[in-house]
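Here's a quick tour of the model you're about to load. Have the viewer open while you read.

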Amino acid sequence: MADPMIAIGALRVHAVVESMLWSSPTVYLPEQDARVLAERVAAWTSVSFDADGRICSPVRSYAIETPEGIVLVDTGLGPGSALAASSRWRVELFPYLEGLRAAGIAPEDVRAVLVTHLHPDHCGWHTRVVDDRRVPTFPNARYVVARPEWEGWPDARPAWVDERLLPLFDAGLVDLVPADATVSPYVRLEPSHGHTPGHVCVRIVSDGEAAVFSGDVLHHKLQLAVPDEPDGTDRDPVRGVAARRAFYERCAREGVVVFGAHFEEPAVGRFARDGDGFRFDPLPA
Ligand SMILES: [Zn+2]
């Protein structure tokens, strides 16, 4: 396993950018002028805008080398996602399985696939199409899903969820677990509901070090500066704001390393209090 991206104790974390989403900043910050906000945070981060004023959200899948095998956190948008056809987003797809291979990881090596929530840019590669059939992409893995997320869609589950996950149930590979489940001695889930009914963050611990994978409790680093603002993509806006603020406060208090799901580079760092809000301190390269 060459070029570990970052070490947390004895664990090695690799990031694979599976795709890139470009959208209006009002998708995440409906009540803010993002360019004004970007000037405000210029001391600690830079924000890229494309020619249409859109901001970028890389879609990351993280692969963690643990003593019990490879654990994935989220699997990107995947091929054939309807989201790629939506005018709300400009989407670029990158070769995902090749990205894992570049980190020395074959699909058969993966022992657990965690998902922070069931939006289409987080479970896209849970399955793939082979001979016109959807099959598990990671045949030797347990697919771990927080039960409140699986059961939390009050009407019908979105079609993409059934498409990407029902073949896994058919194969007997899914573990529905509590939102605060301990997955292994190194990995546990932390409830952060609001963005979706059962959204979770993922915490890893090893040798006294810890890190957290944010999922979509926040999308963009700009949101740190305005911690009580709604995120336009939250299913439950009130719970979303509460979960986000609690996440910021806890991360800042603990000084824990945060791996952003969608942060523009640099995507790994720590949160710190900054006036009425928070800021992002990237890890030294
Ligand atoms: Zn997302």
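## Starting at a turn

Let's begin with a pair of residues: D274 sits opposite G277 of strand 17. This is a predicted model, so treat what follows as a description of computed coordinates. Strands 16 and 17 make a hairpin with 2 residues between them, and G275 in that turn has a positive phi of about 60°. The two strands run antiparallel and are joined by 6 bridges, with strand 17 covering residues 277-282.

On the pairing with strand 15, strand 16 (residues 268-274) is again antiparallel, this time over 2 bridges. Strand 15 is residues 257-259, and its F259 stands opposite V268 of strand 16.

## The sheet around it

Zoom out and that hairpin turns out to belong to an open sheet of 7 strands, ordered 11-12-13-14-15-16-17. The pairing across the sheet is mixed. As a reminder, strands of a sheet pair through backbone hydrogen bonds, either parallel or antiparallel.

Which strands stand at the edges? Strand 11 (182-184) and strand 17 do: each has a single partner strand, so one side of each is left without a neighbour in the sheet. From one strand to the next, the twist averages 35°.

Now look for helix 5, residues 237-254. It lies across strand 13 (200-206), strand 14 (209-213), strand 15, strand 16 and strand 17. Relative to strand 16, helix 5 runs at about 100°.

## What's packed inside

The largest nonpolar core has 65 residues. Y62, L72, V113, L114 and V202 are the ones with the most contacts inside that core.

V113 is a handy one to click on. Ignoring neighbours within four places in sequence, V113 is in contact with L72, T75, H126, F138, A141, Y143 and V144. One of these, L72, also appears among the core residues with the most contacts.

## The whole chain

In total, the chain has 5 helices and 17 strands. Its radius of gyration is 18 Å, close to the 19 Å that the globule rule gives for 285 residues, so the chain is as compact as a globular protein of that length. If you're setting up a box, the C-alpha atoms fill roughly 50 × 45 × 35 Å along the principal axes.

How much of the chain counts as buried? The figure is 44% of the 285 residues. As for contacts between residues at least 6 apart in sequence, 71% join residues at least 24 apart.

Conventions:
Residues are numbered from 1 along each chain as its sequence is written. This is a predicted model: local features need pLDDT of at least 70, side-chain atom pairs count only at pLDDT 80 or more; totals for chains, interfaces and linings use all residues. Helices (H or I, at least four residues) and strands (E, at least two) are DSSP runs, numbered from the N terminus. The radius of gyration is taken over C-alpha atoms; the globule rule is 2.2 Å times the number of residues to the power 0.38. A residue is buried if 20 or more other C-beta atoms lie within 10 Å of its own, exposed if 12 or fewer, and partly exposed in between; C-beta atoms are placed from the backbone. Two residues are in contact if their C-beta atoms, placed from the backbone, lie within 7 Å. Two strands pair if DSSP finds at least two bridges between them. A nonpolar core is a set of buried Ala, Val, Leu, Ile, Met, Phe, Trp, Tyr and Cys residues joined through C-beta atoms within 7 Å. Axes are lines fitted to C-alpha atoms, for helices over the stretch in contact, and angles run from 0 to 180 degrees between N-to-C directions.
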